Amino acid sequence: MKLNVFVSSQRDGIMSKDKKYFPNLSQEERNILYEATLTKFFERKNIKYENVIVLTEKNTEIKSRAVTESMKQPKEAILLLKDTAKDLCIAVETSDYPVVIASAKKEDGHSVTAVSLGTIENINNGLLHEIIESLIKETNAAPFEMTFYIGACPDKEKFKVDQNLLTNSYIWKNTFTKKKKNYYLDIRYAIFNALIKEIVDPNSIYFDSTDTTIDEKYFSDTAGKPGKNLVCAVYTNEEDV
């Protein structure tokens, strides 16, 4: 089984039913539009919409949970996808925040992947440590045997943040700069440092260097391109989704 990661583009539509993106639509209308947009997108990937588990910024409980066919609206910030769960897909709604995807192998050769959204709140509350602990529990692999993929996000010169949110000095020390009255975060550097402290092999940490604020494929609230993309992970027998 091969883990495939793919990302929606602006041309696929806004992958959210948040009122701020559709202020003139009712909740019912937003729900209908959302389901239609996602169904169409996943049909092109040969994935059934009912097999998709969506993770959003509302997933703030720093715990993990393995996805199943019956799962509807998980609250956990970390969803675990096993390679035996063929065709089940985890889709993460994001605008600017990087999606963190980590994988490890069990002794029998099977793989488990942890998928999460690297919001400031989640990282601040120990998301990266919990990802590693979850994979250790599921696979018995050591941190240096795990592989991490960090999705697209704004470059450090663009990612303006509220400094008051950066309360965990262990994570955020030396990761932001002040320009005039604004603070800019190098979230890639923060994630890299945190993983290194957890004894993850630096050669097994892969960053998407795409800057979401300028790449036309991506929505970006930071850059005034309102909307959300989906970053998706699925195990399949096919080489590509």
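Hi everyone, let me start with a side chain: that of N59, which reaches the backbone oxygen of E76 at 2.9 Å. A word of caution before I go on: this is a predicted model. The N59 side chain also reaches the backbone nitrogen of T56, again at 2.9 Å.

So where does this asparagine sit? N59 lies in the loop between β2, residues 52-55, and β3, residues 61-66. Is N59 buried or exposed? Its relative accessible area is 4%, and because the cut-off for buried is under 20%, N59 counts as buried. If we leave aside its neighbours within four places in sequence, N59 is in contact with P74, K75, E76, A77 and N122. You will notice E76 in that list, the residue whose backbone oxygen I opened with.

Let me stay with T56 for a moment, as it leads us to the largest pocket. That pocket has a volume of about 950 Å³. It is lined by 28 residues, and the closest to its centre are K17, Y34, V54, T56 and Q73. So T56 appears twice in my story: its backbone nitrogen is reached by the side chain of N59, and T56 is among the residues closest to the pocket centre.

Which elements supply this lining? Both α1, residues 27-43, and β2 contribute at least two residues each. The largest share, five residues, comes from α1. As for chemistry, the lining of the largest pocket divides into 14 charged, seven polar and seven nonpolar residues.

Now from the pocket to enclosed space. How many cavities of 30 Å³ or more does the structure hold? The count is one. About 100 Å³ of space lies in the largest cavity. Its lining has 15 residues, and T94, A152, T212, Y218 and V231 are the closest to its centre. Nine residues of that cavity lining are nonpolar, five are polar and one is charged.

Please keep A152 in mind, because my next residue, Y97, touches it, and Y97 is buried at 18% relative accessibility. Y97 has its place in the loop between β5, residues 89-94, and β6, residues 99-105. Not counting residues up to four places away in sequence, Y97 touches E57, L117, G118, T119, I120, A152 and F159. Take F159 from that list: Y97 and F159 are 62 residues apart along the chain, and their C-alpha atoms are separated by 9.6 Å.

My last stop is a small topic in sheet architecture. Three strands form an open sheet in the order β9-β11-β10, with antiparallel pairing. Why is one side of β9 and of β10 left without a neighbour in the sheet? Both stand at the edges with a single partner strand each, so one side of each is left without a neighbour there.

Let's walk through the pairings. Strand β9, residues 160-161, pairs with β11, residues 182-185, over two bridges in the antiparallel sense. Here K160 stands opposite Y184 in β11. On the other side, β10, residues 176-179, runs antiparallel to β11, and four bridges join them. K179 stands opposite N182 in β11. These two strands, β10 and β11, form a hairpin with two residues between them. In that turn, K180 has a positive phi of about 60 degrees.

That's my tour. Thanks for listening, and I'm happy to take questions!

Terms used:
Residues numbered from 1 in each chain as written. Predicted model: local features only at pLDDT ≥ 70, side-chain atom pairs only at ≥ 80, totals over all residues. Heavy atoms only, no water. Buried < 20%, exposed > 50% of the residue type's maximum accessible area, 1.4 Å probe, protein only. Polar contact = N/O pair within 3.5 Å; in protein donor to acceptor, adjacent residues only side chain to side chain. Contact = heavy atoms within 4.5 Å. 1 Å grid on protein atoms, 1.4 Å probe; cavity = no way out; pocket = protein on both sides within 12 Å on 5 of 7 lines; lining within 4 Å. Points joined across faces, edges and corners; volume = space filled by probe spheres on them. Nonpolar A, V, L, I, M, F, W, Y, C, P; charged D, E, K, R; others polar. Pairing = 2+ DSSP bridges.
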